[in-house]
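Here is a short set of exercises to work through at your own pace. Have the sequence and the 3D view open, try each task, and then compare your reasoning with the worked solution.

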Amino acid sequence: MSKLKWLLLITVLVYGWSTPGRYIWLGVLSPTDIGLSLGLDQVARLLVVAASLQILLKRLTSNEVFSSFYLFLYPLQYFSNARVRFAVRFALTLQVAESLLESKLGFKALLSLILQPQPAAFHTIELSYIPINRLQLGWLFGQAALVLYSIFLGMDGFWR
């Protein structure tokens, strides 16, 4: 089984056997109906978020992701340089994450690499802002709507 399938199965098991409710069958090792329902809801939310991120990362280049993040941070422009700082930190995090994923190290090797003190180095990094077109903007707002929908599912519905 893939890691995602194991994660989803463990999520349903943890919710099913740790949430109070009516037992599905008689016995000590029976899951509860509410637990399985909550577990399946959580799995649906995880799948929506994972699918939306996968679509977002497949459709946009790293510069377009940076530009869209910068666009979504528009309300922060009124707080000194917060918008630029957040966008630059996000871009640098994406860059480091891409380089770590390309190295394909194991968990122990990756952890030891992260925990090693790094020498002070100065690099010049150029971040380019690419205006996104209407189709990409539609994709971005669709992704945001899916994420918000999954959050509202977690709050037992938006209208309650």
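The exercises below concern a predicted model, and each task is followed by its solution.

**Exercise 1. Confidence**

Task: Find in which helix confidence is lowest and in which it is highest.

Solution: Start with the whole chain. Its mean pLDDT is 77, and 91% of its residues reach 70 or more. Next, go to the helices. Confidence is lowest in helix H5, residues 107-115, with a mean of 75. It is highest in helix H1, residues 3-18, where the mean is 83.

**Exercise 2. Helix H2**

Task: Compare the span of H2 with the expected one, and list the residues of H2 that are buried.

Solution: Count the residues first: H2 has 27. From its first C-alpha to its last, H2 reaches 39 Å, which is close to the 39 Å expected at 1.5 Å a residue. Then turn to accessibility, where buried stands for under 20% relative accessible area. The buried residues in H2 are Gly35, Gly39, Val43, Arg45, Ser52 and Leu56.

**Exercise 3. The salt bridge**

Task: Search the whole structure for salt bridges, then say which side chains meet and where they sit.

Solution: The search of the whole structure gives one salt bridge. In this pair, the side chains of Arg22 and Asp33 meet at 3.1 Å, N to O. Arg22 belongs to the loop between H1 and H2, while Asp33 belongs to helix H2, so the pair links distant parts of the chain, eleven residues apart. As background, side chains of opposite charge can pair when their charged atoms come close. Now check both partners for accessibility. Arg22 has a relative accessible area of 63%, and because exposed means over 50%, Arg22 is exposed. Asp33 has 26%, so Asp33 is partly exposed.

**Exercise 4. The second largest pocket**

Task: Describe the volume of the second largest pocket, the residues that line it and the elements they come from.

Solution: Begin with the volume, which is about 230 Å³ for the second largest pocket. There are 13 lining residues, and the closest to the pocket centre are Leu56, Phe72, Leu140, Gln143 and Ala144. Helix H2 (33-59), helix H3 (62-72) and helix H6 (134-154) each give two or more residues to the lining. The largest share, five residues, comes from H6. Finally, sort the lining by character: ten residues are nonpolar, three are polar and none is charged. One of the central residues, Leu56, also appears among the buried residues of H2.

**Exercise 5. Sequence versus space**

Task: For Ile151, Pro31, Trp139 and Tyr78, state the location and accessibility, then set a separation in sequence beside a C-alpha distance.

Solution: Take the residues one by one.

- Ile151 is in helix H6 and is partly exposed at 43% relative accessible area. Ile151 and Arg45 are 106 residues apart in sequence, and their C-alpha atoms are 7.7 Å apart. Arg45 is one of the buried residues of H2.
- Pro31 is in the loop between H1 and H2 and is buried, with a relative accessible area of 2%. Pro31 and Phe66 are 35 residues apart in sequence and 44 Å apart in space, C-alpha to C-alpha.
- Trp139 is in helix H6 and counts as partly exposed at 33% relative accessibility. From Trp139 to Glu102 there are 37 residues in sequence and 26 Å in space, C-alpha to C-alpha.
- Tyr78 is in the loop between H3 and helix H4 (82-103) and counts as exposed at 63%. Tyr78 and Ser68 are ten residues apart along the chain, with 18 Å between their C-alpha atoms.

Definitions and conventions. Residues numbered from 1 in each chain as written. Predicted model: local features only at pLDDT ≥ 70, side-chain atom pairs only at ≥ 80, totals over all residues. Heavy atoms only, no water. 1 Å grid on protein atoms, 1.4 Å probe; cavity = no way out; pocket = protein on both sides within 12 Å on 5 of 7 lines; lining within 4 Å. Points joined across faces, edges and corners; volume = space filled by probe spheres on them. Helix = DSSP H or I, 4+ residues; strand = E, 2+ residues; numbered from the N terminus. Nonpolar A, V, L, I, M, F, W, Y, C, P; charged D, E, K, R; others polar. pLDDT = per-residue confidence, 0-100. Expected span 1.5 Å × (residues − 1). Buried < 20%, exposed > 50% of the residue type's maximum accessible area, 1.4 Å probe, protein only. Salt bridge = Lys/Arg side-chain N within 4 Å of Asp/Glu carboxyl O.
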